[in-house]
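Q: Hey, could you walk me through this structure? I'm new to this, so plain words please.

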There are 2 protein chains.
Amino acid sequence: MPRFYYEDFEQGSVEMFGSRTVTREEIVGFAAEFDPQPMHLDEQAARRTPLGGLAASGWHSCAIMMRLIADGFILESSCMGSPGIEELKWLKPVRPGDRLSARRTVLETRASKSRPAMGFVRFRFELVNQNGETVVEQTNFIMFGRRAPEVLR
Amino acid sequence: MPRFYYEDFEQGSVEMFGSRTVTREEIVGFAAEFDPQPMHLDEQAARRTPLGGLAASGWHSCAIMMRLIADGFILESSCMGSPGIEELKWLKPVRPGDRLSARRTVLETRASKSRPAMGFVRFRFELVNQNGETVVEQTNFIMFGRRAPEVLR
């Protein structure tokens, strides 16, 4: 039985989840597989790029944020997936040794008209580093099962 | 020397890049690391979810698309990074055995006012499967170095 249903997300609520330290090996390993640009692979080459030094692929940062929110609440929820991302900003580089947490803000909740057993929750998720800087910001809807859909039938 | 600069992206042009077959092992491996929801990890459990069977994490699909466009043109370009994603849609599940390609459409090009050596290109990227179905669609700006910034000074 999930712990968190659609009804458990309160508009305006803010929570922080986890922390995870990113290593150079992880940054280079992800980049070698999915985003082998010099700024994600090699310190020397990265210094000559706009990032000014080795930094994680933006997609790696997103994947790390996903893991933080999965462990934070998604795996204990009635999550039914997400249609996509409304907006995603890579605001600052993620460097080797950074300690990252996820901040979740509930922007809006909306029951599904066509599917009474489901509801949509619109979140802002931020990936925050050890200095309190937001490095990634995204806004998106996630679908959740409802706690008591039978009352609506 | 890069092969593709800001000037080489023509508004309205469409190109396809690569193909890559996704294995069950890759799907489960990515999920175990970044998105350990049952629908991405286990066939039996996945059948009872809205996806109706094992499917890749949406972030895995994005990472695969990144690799296809990296090999397709980014690694040979004067790419200076991207500020983020305007919109990202996960339209259909990515299944084990799917053969994926990336479609690139140049939506708009815009010289930078503040930095004459740089320009912005707005793309639509689509991840397309072996049946011609678009499974992921995203719109975003990428910054590129210009071929001949000196003429602008």
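What follows is a chat about how the chains touch and how some strands pair.

A: Sure, and keep in mind this is a predicted model, where local features need pLDDT of at least 70, side-chain atom pairs count only at pLDDT 80 or more, and totals for chains, interfaces and linings use all residues. Residues are numbered from 1 along each chain as its sequence is written, while chains are lettered from A and ligands numbered from 1 in the order in which they are written.

Q: Cool. How many residues does the contact take from chain A and from chain B?
A: 27 from chain A and 27 from chain B, with contact meaning C-beta atoms, placed from the backbone, within 7 Å.

Q: Which element gives the largest share of chain A's side?
A: H4(A), with seven residues. Helices here are DSSP runs of H or I with at least four residues, strands are runs of E with at least two, and both are numbered from the N terminus.

Q: And what does H4(A) meet over there?
A: Trp59(A), Cys62(A), Ala63(A) and Met66(A) meet Trp59(B), Cys62(B), Ala63(B) and Met66(B) in H4(B).

Q: New topic: which strand does S4(B) form a hairpin with?
A: S5(B), with six residues between them. S4(B) and S5(B) pair in the antiparallel sense over 10 bridges; to count as paired, two strands need at least two DSSP bridges. Ala102(B) stands opposite Leu127(B) in S5(B).

Q: What about S1(B), which strand does that pair with?
A: S4(B), in the antiparallel sense over six bridges. Val14(B) has Thr105(B) as its bridge partner in S4(B).

Conventions:
Contact = placed C-beta atoms within 7 Å.
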